[in-house]
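Me: Could you take me through one part of this model in some detail? I'd like a close look at the nonpolar core, with a bit of context around it.

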Amino acid sequence: MSTRTVIRNGLVVTAAEELAADVLIEGEQVVALAASGSSVAEGWTADREIDATGRYVIPGGVDAHTHMELPFGGTSASDTFETGTRAAAWGGTTTIVDFAVQSVGASLRDGLDTWHAKAQGNCAIDYGFHMILGDVTEDSLKEMDLLVGEGVTSFKLFMAYPGVFYSDDGRILRAMQRGADNGGLIMMHAENGIAIDVLVAQALAAGKTDPRYHGEVRHELLEAEATHRAIKLAQVAGAPLYVVHVSAASALAELATARDQGLNVFGETCPQYLFLSTDNLAEPGFEGAKYVCSTPLRPREHQAALWRGLRTNDLQVVSTDHCPFCFVGQKELGRGDFSKIPNGLPGVENRMDLLHQAVLDGHISRRRWIEIACATPARMFGLYPRKGTIAPGSDADIVIYDPAAVQTVSAATHHMNVDYSAYEGRQLTGQARTVLSRGTVVIDDGRYLGRPGHGRYQPRATCQYLI
Ligand code: URP
Ligand code: ZN
Ligand code: ZN
């Protein structure tokens, strides 16, 4: 007999509605919702009752962009699947979609098997995979079809990082054409990496070695240009396109123009672009290295455009691009040469709370918070309605969220395996109190009850968000 749980007296908030409702869970799934205090809800008996008075009952967060254990920049992201998914649970995220990597000369299968081996048995919450296409060849194009059949239904390509992940326009076009045929969604890192490398060499030759030059050489117009080019290539291929980690207002304008034309073009931004800026990159004493990521942080003025894009649905998703590197020993690899600072920021634990703060600050509505952090990423990547909502038949991935809890973000108290916080000292209102993953309580009012291996691999359907 499966465990019956009732969550009583909370405000259920989904992307679609807000209801004063009780939620009945049997085993791993939600089976019913009924108005709190109604005879139906009062009639429910359960093995476990959770009182959510004064709290929100929200779907677990879906973070569609993480890089646990990613080998990058001569080192590896410091969160393993075990530590990173545990931190995600603390922050109210119950599903991640991480990026498996195809290395040059290797097959997609090899890459995917390697990532399955890293994650299997180690995750505290459910997980899926995108595939990074590091080497677009006749064989890997064929393999894309097989992966789509196995639930790996999205493929990231890079217009940046020549010599590492970079694909030229011909390879990109071919992958897009294949995606148009097999339903795989192309995710694009849109920065003109060839031009950026010229600017990097020029900056270093001129003695400009500090972290802040990372932001200058990765010029916003080179993000906008690549975004424009990716859109046109997708249009030629007849393929939808999802642009990851959009940071520049001018790149967002390219997406908005394409969407006004009715194209299936989507955009993701990340908390770092909404809450941080080039001011952080310019912090003295090499502190700016903590904020080196690509696309880079932009001047503060870009933030208003990104918030507007989230309100107008020109941006659909906020993911973290969680790719942590410790300051000591990892970020420090780039002392004296900003181009050697490993690119990436921690954030998987902070996303839901930062976005709740954005609700309080008037940037987005409460339902939009759930839409951009839970429902749309689930739809975009073929996990809906199993994930991303609270409805009969959905997985019971549920967060009891205290909208009044005040917390101060700090590396001293966070659970990510990284020695600094990008949001150190920031006071946020709102915090996950109790977190259920498929009906199992993994966070219980400040106690971690989860375990590595509870999280299951989630094969995904193709994109459910096409216009
Ligand atoms: O700086 C970043 N974003 N690191 C992770 C790799 C990527 O491009 O997403
Ligand atoms: Zn990227
Ligand atoms: Zn990334």
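Reply: Here's the core, with the overall picture before it and some backbone oddities after it.

First, the ground rules: this is a predicted model, where local features need pLDDT of at least 70, side-chain atom pairs count only at pLDDT 80 or more, and totals for chains, interfaces and linings use all residues. Residues are numbered from 1 along each chain as its sequence is written, chains are lettered from A and ligands numbered from 1 in the order in which they are written, and side-chain values use heavy atoms, with hydrogens and water left out.

The protein chain folds into 14 helices and 19 strands (DSSP runs, H or I of at least four residues for helices and E of at least two for strands, numbered from the N terminus). Its radius of gyration is 21 Å, close to the 23 Å that the globule rule gives for 467 residues, so the chain is as compact as a globular protein of that length. That radius is taken over C-alpha atoms, and the rule is 2.2 Å times the number of residues to the power 0.38. Of the 467 residues, 61% are buried, where buried means under 20% relative accessible area, exposed over 50% and partly exposed in between, with a 1.4 Å probe and protein chains only.

Now the core itself. A nonpolar core here is a set of buried Ala, Val, Leu, Ile, Met, Phe, Trp, Tyr and Cys residues joined through side-chain atoms within 4.5 Å. The largest one has 130 residues, and Met176, Met188 and Trp369 have the most contacts inside it. Helix α8 (residues 220–237) gives the most to this core, with 7 residues. Apart from it lies another core, of 15 residues, including Ile7, Val12, Val30 and Ala52.

Zoom in on Met188. Leaving aside neighbours within four places in sequence, Met188 is in contact (heavy atoms within 4.5 Å) with Leu157, Phe158, Met159, Ile172, Met176, Ala230, Leu241, Tyr242, Val243 and Val244.

A few backbone spots are worth a look too. Most residues other than glycine have a negative phi, and most peptide bonds are trans. Arg438, in the loop between β17 and β18 (440–444), has a positive phi near 45° and is buried, with a relative accessible area of 4%. Asp445 also has a phi near 45°, but is partly exposed at 48%. As for peptide bonds, the one from Ser294 to Thr295 is cis, and so is the one from Tyr384 to Pro385.
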